[in-house]
Amino acid sequence: MSFASRLMGIPKKHPFAFGVGFALVKTSGIDLLVQKVVEKKKEIDWRRNATFSAFGFFCLGGIQYGLYVKVFGRVFPNAAAFAAKPLKEKLKDVRGMANVGAQTFLDQCCYHPFVYFPIFYCTKEAVMSDKPSISNAMATYRTNFTEDIKALWKVWVPFTMINFSFMPMHLRVPFTAVVSMVWTCILSAMRGGDVMNGDEMAGGAVTGATMSIMTEVLEDYFTCPVELDRELNHICISASGPDRVGYVAKLARAVADQGGNVTYSNQVRLGQEFVILMHVAVPPEKTRTLISAMKTNKSLKPLDIQTRSLMRRGTGTYEKPVLGLKVHCVGVDQPGMLASIAEKLAEKGLSMEQVNTELRRSTRKGKPGVRQFVINADCTTTDDSGPEGLNELMTELSHLKEELGLDVVDVRVHRI
């Protein structure tokens, strides 16, 4: 028997040891991922990691192995045989499908709400609180119960049914661990550096908090600041003039002193000129005062300051986008690159929400020091033409890559 065959046989030969070991490594790895990628910690909190690892070992490994394999294996003696059947045979086995539904019900409506979540919140309390208290953990558990259950069922009901329908008994626990790991990896990729939500993501559980983080990210990916604060007035402030130290600070202070909040800004030095664009949200009653103050501020006299009121897009005057695309292109700088890329995106019905371009020196072998043009564009579309439409778009962009000699064309699609 080859080494690979022996290695693949370990989960089946030692299902309990493999399951709890896999759950331990997964939970420890998820916490390390959150600490380093999301919370950006310089030093790892090993006490916290050890506590979550113990949670993974005993709860996600031990308890779930006992429930999924031992208990369900006895209560539903045909579970293993059903999982091994081809799909056609499964569809004919009404009793087997009913058993999958029963196992899913016991897992999602009994074990997770009344065993898993209490243990999870006690573990979080132990590592996140300076003075851990079981009563505080239970209070959080009760407060979050409804939202946690909703989030749990949205993600885990379908995956649990897949698990109990297709996975061999010895792979049920590892399958659960992999889904949990993927969930946290997605959140970490989308929320890298988000220290505010690091605690919610620790442990890798699908809770109401992590579901809201995911939903918030997807909804806000392509949302303009003007649409976020509907009770406030919105102003676009642009300023340009001779570059001097402190202009950003003076502009921001002038806005803040009049009750304005800068939500978006982009500043650049172009030769001797300073240019900045700012979005400011301000209470309606302070709008005129803020605009007047910007025009009459003596320290800002050298700047050409322009202000313009911004309005939200009216409901019914535009179609709501259904897909968002992040387009990233890199190639040797040449005239017309932005025009060609923008024209191609417009031809495909993509609306550019935000575009950033820059020049940089290549560090690639074979092209050291070559000046490269980089474009990052956030686009939206109202056309949900499915995989075929996306494949067509990618084909068009690949042609553009050849035409312009681009080194990189990367497109990431998000359903809004």
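## Exercises on a predicted model

The largest nonpolar core holds 28 residues, and Tyr68, Tyr116 and Phe117 have the most contacts inside it. This is a predicted model: local features need pLDDT of at least 70, side-chain atom pairs count only at pLDDT 80 or more, and totals for chains, interfaces and linings use all residues. Residues are numbered from 1 along each chain as its sequence is written, and side-chain values use heavy atoms, with hydrogens and water left out.

**Exercise 1. State which helices supply at least two residues each to the largest core, and which helix gives the most.**

Step 1. Fix the term. A nonpolar core is a set of buried Ala, Val, Leu, Ile, Met, Phe, Trp, Tyr and Cys residues joined through side-chain atoms within 4.5 Å. Buried means under 20% relative accessible area, exposed over 50%, partly exposed in between (1.4 Å probe, protein chains only).

Step 2. List the helices. They are helix 3 (46-75), helix 4 (79-84), helix 6 (94-128), helix 7 (134-166) and helix 8 (172-190). Helices (H or I, at least four residues) and strands (E, at least two) are DSSP runs, numbered from the N terminus.

Step 3. Pick the top contributor. Helix 3 gives the most, with 8 residues.

**Exercise 2. Work out the strand order of the open sheet and name its edges.**

Step 1. Read the order. The 4 strands run 2-3-1-4, with antiparallel pairing. Two strands pair if DSSP finds at least two bridges between them.

Step 2. Find the edges. Strand 2 (261-270) and strand 4 (304-310) each pair on one side only.

Step 3. Add the angle. Neighbouring strands are turned by 15° against each other on average, direction ignored. Axes are lines fitted to C-alpha atoms, for helices over the stretch in contact, and angles run from 0 to 180 degrees between N-to-C directions.

**Exercise 3. Describe the surroundings of strand 3.**

Step 1. Count bridges. Strand 3 (residues 273-282) pairs with strand 2 over 9 bridges and with strand 1 over 10 bridges, both in the antiparallel sense.

Step 2. Place the partners. His279 of strand 3 is the bridge partner of Tyr264, and Cys236 also stands opposite His279. Ala281 partners Asn261.

Step 3. Check the turn. The hairpin of strand 2 and strand 3 has 2 residues between the strands, and Gly271 there takes a positive phi near 65°.

Step 4. Add the helices. Helix 12 (residues 247-257) lies across strand 1 (233-242), strand 2, strand 3 and strand 4, at about 20° to strand 3. Helix 13 (residues 287-296) lies across strand 1, strand 3 and strand 4, at about 0° to strand 1. Contact here means heavy atoms within 4.5 Å.

Step 5. Conclude. Strand 3 is largely enclosed by the rest of the structure, because 7 of its 10 residues are buried.

**Exercise 4. Decide whether Pro335 is buried or exposed.**

Step 1. Locate Pro335. It lies in the loop between strand 5 (323-332) and helix 14 (337-347).

Step 2. Apply the cut-off. Pro335 has 82% relative accessibility, so it counts as exposed.

Step 3. Find a distant residue in sequence. Pro335 and Phe373 are 38 residues apart in sequence and 10.0 Å apart in space, C-alpha to C-alpha.
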